[in-house]
Amino acid sequence: MSVQFGVRLPRLRESDPEINTVKRRYYKLLFTGLPAIFLTFFAASIFLGDSGFLFFGLAVEVVYTHTDYFLAFRFLHQYKISHEWYDGVREFAGTVVPEIWYTRKAIAGAYFILPSIGLIVGASILGSVDYSSMPALIPFRFFRDGTAMSFTSKTLESAFRFIFYQAGITGGFFVLGMVLARTRKEIDVSRPYTTYEQQTRFKDFYRDVIYSFSTMFGITFFLASARVWNYPSLVIPGTYLIVPLLLGIFVLVMSTYLVGQMGARIRIPGGSGENTGENNLDDDTDWKAGMFYFNRTDPSIFIGRRFGIGWTLNFGNPRSWIIIASLFCIYIILASHFLFHFL
């Protein structure tokens, strides 16, 4: 890999023994700390009867994993500079890939959004059938045990509000999947054919993961709607948000294990021995802490992350801040709505 822990490496240094030392230290901290944190907060939520500990534990895990990463990044980055790994290395900013082995499907991934659409249609039909028989006052806010705290007048907006949210989020996930599948490829100039193929397949795979994640949220909103319509609650309303988040994290972790960042673990037939002898441009200055991309001359909005899985924003592009502001507003609206309705 030409990038390790957010640090760009020349081809001849990719198997340096010091990199393996950094990896072992990183994974040792990761696989000992995360289980301990999870079990601690999970036990607290069970014994104290407060699912809020799961949210707090999730935040602690995020901070812990990023701290573990930053320690690895800082050491490797300083080691690279002090040992002058890029001195005298010929650098290339890009390469040409004349043909590919993998042919993308024109409508690939469409089937993975169908369960989300099915949940919307099913919930709409169920709510429409029961609407006339619903009481004049329907539940508006709930205690953590699922019992109604307050009620509101029955209207189309109050009875179907979660379906509207569900439709909006499904549409957002669909657009996001299509956009990410069309982002530019980060080609390793020493393995142009292989990395082109890997990233093409990775984008299709990751789009399908995003659509599956949409289905998880669809189940959440379906359960929320059913609770408003006075159906028996299958799970405690206070866990409506944590369940899809935990499932989504599990899916992302499995995705990372199966395909690697930008498809680095996907095997491409005939590409294992590819080596042009070229080296990518040392572009570490465009990446702050190896995670945040700032490049005002790059018109791209989304770019493949250097660590973890998925994409990040080009914070040097003003349009990225519009996206951030929009997502933040959506998050505040949804979070406040759920906290307001399920206390």
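1. Asp-204 is buried, at a relative accessible area of 5%; here buried means under 20% relative accessible area, exposed over 50%, and partly exposed in between (1.4 Å probe, protein chains only). Please keep in mind that this is a predicted model, where local features need pLDDT of at least 70, side-chain atom pairs count only at pLDDT 80 or more, and totals for chains, interfaces and linings use all residues. Residues are numbered from 1 along each chain as its sequence is written, and side-chain values use heavy atoms, with hydrogens and water left out.

2. What does Asp-204 meet in a salt bridge? Its partner is the side chain of Arg-207, at 3.3 Å from N to O; a salt bridge is a side-chain nitrogen of Lys or Arg within 4 Å of a carboxyl oxygen of Asp or Glu. The two are separated by about one helical turn because they sit three residues apart in helix H5 (residues 192–228); helices (H or I, at least four residues) and strands (E, at least two) are DSSP runs, numbered from the N terminus.

3. Arg-207 is buried too, with 3% relative accessibility. Its side chain also forms a salt bridge with Asp-208 (3.4 Å, N to O), and Asp-208 is likewise buried.

4. Now for a pair in another setting. Glu-186 and Arg-184 join their side chains in a salt bridge of 2.6 Å, N to O. Glu-186 is partly exposed at 26% relative accessible area, and Arg-184 is partly exposed at 33%.

5. It is also worth finding the network of salt bridges that links Arg-8, Lys-80, Asp-282, Asp-283, Asp-284 and Arg-306. Across the whole structure, the search finds 13 salt bridges.
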